[in-house]
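These are my notes on a fold and a chain contact, entered in the order in which I looked them up.

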Amino acid sequence: MSGNGQVYEVFARKKRADRFEHVGAVSAPNEQLARVYAWQTYDEAKWFEMTVAPRDAFAAVNRPQAPFTLGGPSGSAPTADSR
Amino acid sequence: MTESGFRSAEDLPEGVSEHLGDLILALADNKRLLGIRYSDWLLGAPSVEAGIACSAMAQDEWGHARILYAMLRDFGHDPTALEHERGAGEYHSSELLDRDVASWEEFLALNFLWDTALSVQFEMLAESRYEPIHYKVRKLLDEERFHFDHGQGWTARLLSAEGGRQALTGAFGAAWNACLCWFGAEDDPLIGTLAAHGIVRRDAAGARARWLEQVGPLAAETGLAREADSVWASTREPVWEGYLARRRRAAEGGPDEDSLARVRGDRNRELLMD
């Protein structure tokens, strides 16, 4: 299989009144699989709502680099691999 | 149509109870076996995330099978005997699940085509006149949504690569007839009776059409389905030869020895002390 596609950041909240928290990231070949992987990987809580977004959709505001890119431009924020 | 429901198998009209018991047993056995096939890919899947998904799907299937076996108590079965004491010839599971899955594309034929075929049959039971199944089916279908997304997402991914498309065409072609037959022939005694009494919502052709609506758009890319006037149809006619309506499979036989030992939990039971 050629590569695992791209990295998606995962956000979730337990109650409607809660704010979304960043719970992790998954690598997936497409958005459909990213949704499945996120739901099944970060199943530590009974989430009211979960959402995913491609990591490269996030734009930097006050820092030179966009978030979730701890290890440099290619990115190495935690994914399921490193949990 | 206002029809009264049935609160237990005892209330079902004559002949219906046996057919419904057989259908629930077929669903339970298929899920138990499918869970094993899923669990075999925890480590061999194309990515860590896919492995986690296989693990979650395996757990779902085993949970569903457990619930279904327990339901069969209402039909006069002993769930423990069903789960642990049957021989291969007594399993009502598809021939697709008789042995190990050799490749990721064969896995996808089970995950996308077969698992969806099972879920469609559950959809048919969601508004069944047999009421004890309602709540269970709803929860089960909620979980199955992710199985469908996984199967569809990976099928789409493989179809986008030349080698993947070719491999999928072979694997889907090999599983296709079993899926068509699962819903039953026009004169299928089991599905026919259940549909006539409102135990399942649609007859064999109706359920098959619903399945084709779900898998058709991607299966079309392997030449197995086509759309005409917004209706999805199979490009192949089902071959019924040898099909056993009661056991919902194409031939006698059953899971191979290794699979059987695993579904029954033979080794684990050796450790039990009474």
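Entry 1. Before looking up bridge partners, I fixed the terms: two strands pair if DSSP finds at least two bridges between them. I note also that the model is predicted.

Entry 2. I asked which residue of E2(A) is the bridge partner of Glu9(A). I found Ala25(A) in that place. I then took the two strands as a whole: strand E1 of chain A, residues 6-13, and E2(A) are joined by seven bridges, and the sense is antiparallel.

Entry 3. I traced the sheet of chain A next. Its three strands run in the order E2-E1-E3, paired in the antiparallel sense, and the sheet is open. I recorded strand E2 (21-28) and strand E3 (49-54) of chain A as the edge strands, each with pairing on one side only. For the turn between neighbouring strands of this sheet I noted 25° on average, with direction ignored.

Entry 4. I looked up what packs on this sheet. Helix H1 of chain A, residues 31-41, does so, and touches E1, E2 and E3 of chain A. I entered about 130° for the angle between the direction of H1 and that of E2(A).

Entry 5. I turned to the contact between the chains. I noted 17 residues of chain A in contact with 15 residues of chain B. On the side of chain A that touches chain B, E2 and H1 of chain A are the elements that give two or more residues. H1(A) gives the most, with eight residues. I sorted this side of chain A by class and entered nine nonpolar, six polar and two charged residues.

Key
Residues are numbered from 1 along each chain as its sequence is written. Chains are lettered from A and ligands numbered from 1 in the order in which they are written. This is a predicted model: local features need pLDDT of at least 70, side-chain atom pairs count only at pLDDT 80 or more; totals for chains, interfaces and linings use all residues. Helices (H or I, at least four residues) and strands (E, at least two) are DSSP runs, numbered from the N terminus. Axes are lines fitted to C-alpha atoms, for helices over the stretch in contact, and angles run from 0 to 180 degrees between N-to-C directions. Two residues are in contact if their C-beta atoms, placed from the backbone, lie within 7 Å. Ala, Val, Leu, Ile, Met, Phe, Trp, Tyr, Cys and Pro count as nonpolar, Asp, Glu, Lys and Arg as charged, and the others, Gly among them, as polar.
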